[in-house]
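Here is a friendly note to keep beside you while you look around this structure. It goes point by point, and you may like to find each residue in the viewer as you read.

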Amino acid sequence: MHSHLQDVLSPPLAALEQAIDFLARIDARGRFTYVSEPGLAFIGYHREYLKIVTLADLVPANEQAILNATLERVRLTGDLQRCTLHLVKTLTYPQLVELRIVPDLSQPGEWLVIAQDMSAWAAKEERLTYEMHHDALTGLDNLASARREIERAKHEANATESQLALLLIDVDEYHRVNQAFGYEAGDLVLSEIATRLKSAVHAREFVARCDSDSFLVLLRNIPGRAHVQEVARRISDAILQPYTHHGQNLQLSIKIGAVVFPDAANDNGQLLRLADEAIVQARKEGGSSFAFYAPYSLPARTDTLKLESDMHNGIRNGEFSLHYQPIYDPFDNYVVGIEALMRWQHPVHGAVPPGVFIPLAESAGLIGFLGDWALRNACMQLMQWDRLGIHLQYASVNVSPQQFRDTRFASVVRDAVALTGVSPRRIVLEITESVLMHDPLHAKGLLEDLAELGIRFAVDDFGTGYSSLAYLQSFPLATLKIDRRFITDLPTSRNDQAIVDAVVGLAKTLELQLVAEGVETQEQLAMLTARGCHLIQGWLICKALPSAELTEKFQQGMLRTQKQ
């Protein structure tokens with residue numbers, strides 16, 4: 001074995017001897033004919049020992065195939081080849097390295113071997129991967145990790161014909177802890193909740209923190225609903241024990257919503273959203289309670305008439321509110337706007353779905369009042385966020401067919417802008433294809449009238465109606481919104497993929513923004529962004545929230561309003 005390489009290496013390569021971790025030369029049998037001094041220090045063996053072993057002897061048995069394949073590529077190509085594997089140092093300590101092997105032109109039949117330590121890089125990558133998928137405060141998996149785990153569990157359940165259950169645990173009015181005792185106390189309480197939650201379930205169960213004040217537990221291969229209820233009871237008992245801060249006891253209450261999959265009441269697999277709906281149903285019970293998801297059923301005819309009557313009282317009693325869902329740019333990672341969504345919390349029936357109360361409001365002649373109220377409040381909310389330093393580009397508000405056909409509608413919009421002082425360019429009115437096509441001439445005139453003011457328009461639920469493309473391009477539109485029914489099965493449905501491709505192409509041709517609604521999985525997002533859909537809306541980013549809760553997400557940096 002040569003004692004020095006300077007005599008046979010070119011000066012630039014010779015200078016590398018001190019700069020890299022391991023530099024050696026091997027012959028055709030893999031035996032070492034030279035090892036640099038830094039290389040000896042790195043590998044930890046005496047030079048005499050390396051004379052009797054081969055490079056393969058320093059590689060773990062389970063990685064021999066990687067080395068052999070790399071050596072074969074060098075033989076076939078005559079070019080430098082790379083691989084990542086472990087070198088076994090002294091005391092059988094494996095070190096992750098990037099190995100580079102190239103023929104040594106100065107010594108025919110021999111090859112240069114360069115190894116660079118990758119362990120620090122691997123450790124850093126492992127740490128970054130961990131941080132990406134875990135909550136920094138509690139150490140639990142985070143929402144991104146939970147979404148992947150839920151999808152894996154659903155595939156397992158379908159493959160094994162078993163059932164799983166998702167439990168969503170929501171801490172009631174947690175913000176009051178922060179307000180009364182400070183954020184440090186709030187963080188300590190959340191950490192304690194995480195500890196209690198893990199102790200309340202079996203070690204094999206998946207537990208995650210999915211929001212500032214909510215957690216989830218995923219139960220695989222459940223024997224039945226009674227088991228889910230028992231787990232929920234243990235969780236409730238653990239979390240409801242008092243918390244102590246500076247000698248003072250704190251008492252919390254929680255809501256637990258559960259959804260079983262697969263189940264007759266749940267055939268679409270959107271488990272997070274359905275578990276959240278179960279929490280809404282649990283709130284009807286008051287106090288700390290638990291509920292399984294159950295589809296909302298329309299009331300009987302007599303009850304419908306009663307519900308219409310209740311709507312008048314609900315308006316007077318402040319039972320209606322607006323929730324806001326972010327509209328997100330996944331390419332630049334920021335929220336560009338929000339959609340205002342109306343909610344009705346009935347004192348007896350609980351949360352009444354919009355699909356139930358909107359038709360009732362139309363038949364009762366109340367939709368105009370509610371729509372005008374929603375528009376004014378969305379405008380005021382934009383201005384309020386501005387004062388807090390939360391600058392959103394726009395707010396999107398739905399317009400019902402009755403509102404749109406009302407001769408006073410243009411005046412209502414102008415009054416809302418004048419009253420709040422918001423820029424008209426920051427208001428997007430969402431209308432459906434059917435509204436446009438009911439009376440195209442009236443629609444065109446009204447849209448052009450308000451567009452002159454600066455108001456923009458979006459076609460909601462695009463693809464579900466029967467609009468004429470010739471008419472569509474004549475309207476002053478800004479945005480198309482792909483209906484959620486084309487998004488749910490997008491990864492597996494070729495028909496939905498073809499429809500989305502067609503809508504993306506249409507939006508590009510007409511120079512319109514495109515928003516995909518109902519995005520709930522990373523797989524859906526990947527397919528949408530690959531097709532050129534630049535804005536998304538759905539549970540993957542954030543559910544619709546009351547203004548105070550959404551404000552807190554912005555202020556805590558969980559959602560951003562500027563490009564990253």
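**Contacts worth a look**

1. Let us begin with a charged pair: Glu430 and Lys481 form a salt bridge through their side chains, 2.7 Å from N to O. Glu430 sits in strand β17 (residues 427–432) and Lys481 in strand β19 (residues 479–482), so this contact links distant parts of the chain, 51 residues apart. Both Glu430 and Lys481 are buried. Please keep in mind throughout that this is a predicted model.

2. How many salt bridges are there? The count comes to 32. Another of them joins the side chains of Arg220 and Glu149, with 2.7 Å from N to O. Arg220 belongs to the loop between β8 (214–219) and α9 (225–239), while Glu149 is in helix α6 (residues 143–160), so parts that are 71 residues apart in sequence are tied together by this pair.

3. Is Arg220 buried or partly exposed? Its relative accessible area is 27%, so Arg220 is partly exposed. Glu149, on the other hand, counts as buried because its relative accessibility is 13%, and the cut-off for buried is under 20%.

4. A third salt bridge to find is the one between the side chains of Asp501 and Arg531, again given as 2.7 Å from N to O. Asp501 is part of helix α19 (residues 494–510), and Arg531 lies in the loop between α20 (522–530) and β21 (535–536), so the pair ties together parts that are 30 residues apart in sequence. With a relative accessibility of 37%, Asp501 counts as partly exposed. Going back to Arg220 and Glu149, these two also belong to one network with Arg152 and Glu156, joined by salt bridges that share partners.

5. Now for the rings. There are nine aromatic pairs in the structure. Why is the pair of Phe320 and Trp344 called stacked? The ring centres of Phe320 and Trp344 are 5.0 Å apart and the planes are at 15 degrees, so the pair is stacked; the cut-off for stacked is under 30 degrees. Phe320 is in strand β13 (residues 320–329) and Trp344 in strand β14 (residues 334–346), a link between distant parts of the chain, 24 residues apart.

6. Phe320 has a relative accessible area of 9% and is buried. Trp344 counts as buried too, at 1% relative accessibility. Together with Phe357, Phe320 and Trp344 form one aromatic cluster.

7. Strand β13 also supplies Tyr324, which ties to Trp385 in helix α13 (residues 367–387), a part 61 residues apart from it in sequence. Tyr324 and Trp385 form an edge-to-face aromatic pair, with 5.5 Å centre to centre and 70 degrees between the planes. Both Tyr324 and Trp385 are buried.

8. Two charged side chains lie over rings. Lys154 is over the face of Phe261, 5.9 Å from the ring centre. Arg225 is over the face of Phe292, 4.3 Å from the ring centre.

9. Last, a hairpin. Strands β1 (residues 22–26) and β2 (residues 32–35) run antiparallel and are joined by three bridges. Which residue in β2 is the bridge partner of Arg25? That partner is Tyr34. Five residues lie between β1 and β2, and in this turn Gly30 has a positive phi of about 90 degrees.

Methods
Residues numbered from 1 in each chain as written. Predicted model: local features only at pLDDT ≥ 70, side-chain atom pairs only at ≥ 80, totals over all residues. Heavy atoms only, no water. Salt bridge = Lys/Arg side-chain N within 4 Å of Asp/Glu carboxyl O. Helix = DSSP H or I, 4+ residues; strand = E, 2+ residues; numbered from the N terminus. Buried < 20%, exposed > 50% of the residue type's maximum accessible area, 1.4 Å probe, protein only. Phe/Tyr/Trp six-rings, centres within 6.5 Å; stacked < 30°, edge-to-face > 60°. Lys NZ or Arg CZ within 6 Å of the ring centre and 35° of its normal. Pairing = 2+ DSSP bridges.
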